[in-house]
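Welcome! Take a moment to look over the sequence and the 3D view, and then we can walk through a few parts together.

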Amino acid sequence: MKLFYHMEKKFLLFALLLPLSFYSAVAQTISGQLPALANETIRLEGFEGFDTYPIATTRIDEKGNFSLNYSVKEGVAYLISADQKPYFLILSGEDVVIQGDALSTPESIKVLEGQENQWLDQYASEHPRREQALSAWIYLEKIYQLDSLFAVQEIPQKAIVEEKTRIRREDSLFLAQLPKDAYVRWFLPTRKLISSVSVVAQYRTDEIPATIAAFRQLDYSNPRFYRSGLLKDALESHFWLIENSGVSLELVYESMKVSIDSLMNQLSGHELLMNEITNFLFNLLETHSLFEASEYLALKALSQNSCTLNNDLARQLETYRAMKKGKIAPDFVFVGDVFAPAYEGDKIPEKLSDISDSYVLVAFGASWCPACKSELNEMAQYYRKWKTEGVEVVFVSLDENRSDFESFASDFGFISVCDYQKWNSPVVESYYVFGTPTLFLLDQERKILLRPISVKQMDAWVDWFLIQGNPMKE
């Protein structure tokens, strides 16, 4: 139970700090006794979007006593010491007093003063137990419904339904009795929704549609969300649940598009949130190889008239409008220095369209990019195999001086070119490259067939479409 409590406490409590401009700065105090941390420094930190920031710092005396002042009227922050184990607290305009062993053992800490933190502590203790009991009753209900030995027993089935209802009602009543203006009244249901996702996906699959609908109803434009520490968890949990909802990939994408529409509508007119949330979600979808969803998000964000995207984000998203599958990639001349060991004794192509191979992988990277070093070296190992199957590689380097480029690329084998203009290179700009490494697989007409996220994905494409001679190959 202690482990479960610790995990629930860690994942249930995150930070919300409304901008100071909303309130006058009223000094409040967090104090208490933590004997196990005697003579250590502790600090109070809050959240801004997807980042954290320091609020205050103090040193615990030799007896374990401390007092820490802050000037934020409402929100949640965390105390943290040298062991990097956070203890989360609500900042609600009232003084807070705690007592316990150490921040790393939240079950040992008692809230002596501070009503909102006492409610929070109570819910963090009781809610996991209710969830455990509810999951057990749901499991038992399935046995009684599906097993012929028990299916005829109406009285136990009725009792199970009643107990499930009672547990849910008890949890809801706890939240409903909280004062409407209390911070926990907003925070706890939101955190509850987020923390329910893994259980819903594994054991309560009938609740998936309602849970996804609840995520769509979250108001991301609410100022509380920006400094809640919940942005990352809410987005990850929302789209993870859709991805793992047990439906076809086609239906997954349709559901994600509905969620993206809902999110964009909420963020309309809120430029800061629009930029930060779109950037995070785009990278999240790309990392999970959900390219149809990331493309939809990119085009949706670019079409927003009520917000201005910052230049970096706009460039990142524009690549999906200008350089998506099926588009014709720009031709370019190999300007600057060119290395092509595989062409020894033969004429090196002067531009992309001179290459006669059936396919060309255009790779953007640089010696100063850590990921590029491993990816390009791996690419060099596959090059002979790919070349045999009709795939040429053109590496466009973003290096700024010849020595770096030469020491990095001169032995790769495939064509490597660098004009030493880094992000201002006409080739880089025409391909809307915003990060390295970036890969584009083109056919003989320079039509974009694939935007591989790794060399391994590219090699898998060669194995499947070329070596195995799959009839579906493009």
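## Around Y220

In this predicted model, Y220 touches a broad set of residues beyond its neighbours within four places in sequence. Its contacts are F215, F225, L231, A234, L235, H238, L263, Q266, L267, L273 and I277.

## Two nonpolar cores

Y220 also belongs to the largest nonpolar core, which has 57 residues. Together with L188 and L285, Y220 is among the residues with the most contacts inside that core. Helix 11 (residues 271-287) supplies the largest share of this core, with eight residues.

A second core is separate and has 29 residues, including L376, V393, F414 and L466.

## Helix 9

Helix 9 covers residues 231-243. Why should its 13 residues span 18 Å? The expected value follows because each residue counts for 1.5 Å, taken one time fewer than the number of residues. The C-alpha atoms at its ends are 18 Å apart, which agrees.

Its buried residues are L231, D233, A234, L235, S237, H238, F239, L241 and I242. These pack against helix 5 (183-195), helix 6 (197-203), helix 7 (208-217), helix 8 (223-226), helix 10 (249-267) and helix 11.

## The largest pocket

The largest pocket has a volume of about 760 Å³. It is lined by 29 residues, and those closest to its centre are E286, F291, R451, P452 and I453. Elements giving two or more residues to the lining include helix 11, helix 12 (291-302) and helix 17 (455-467).

What classes of residue make up this lining? There are 13 nonpolar, eight polar and eight charged residues.

How values were computed:
Residues numbered from 1 in each chain as written. Predicted model: local features only at pLDDT ≥ 70, side-chain atom pairs only at ≥ 80, totals over all residues. Heavy atoms only, no water. Core = buried A, V, L, I, M, F, W, Y, C linked by side-chain atoms within 4.5 Å. Buried < 20%, exposed > 50% of the residue type's maximum accessible area, 1.4 Å probe, protein only. Helix = DSSP H or I, 4+ residues; strand = E, 2+ residues; numbered from the N terminus. Contact = heavy atoms within 4.5 Å. 1 Å grid on protein atoms, 1.4 Å probe; cavity = no way out; pocket = protein on both sides within 12 Å on 5 of 7 lines; lining within 4 Å. Points joined across faces, edges and corners; volume = space filled by probe spheres on them. Nonpolar A, V, L, I, M, F, W, Y, C, P; charged D, E, K, R; others polar.
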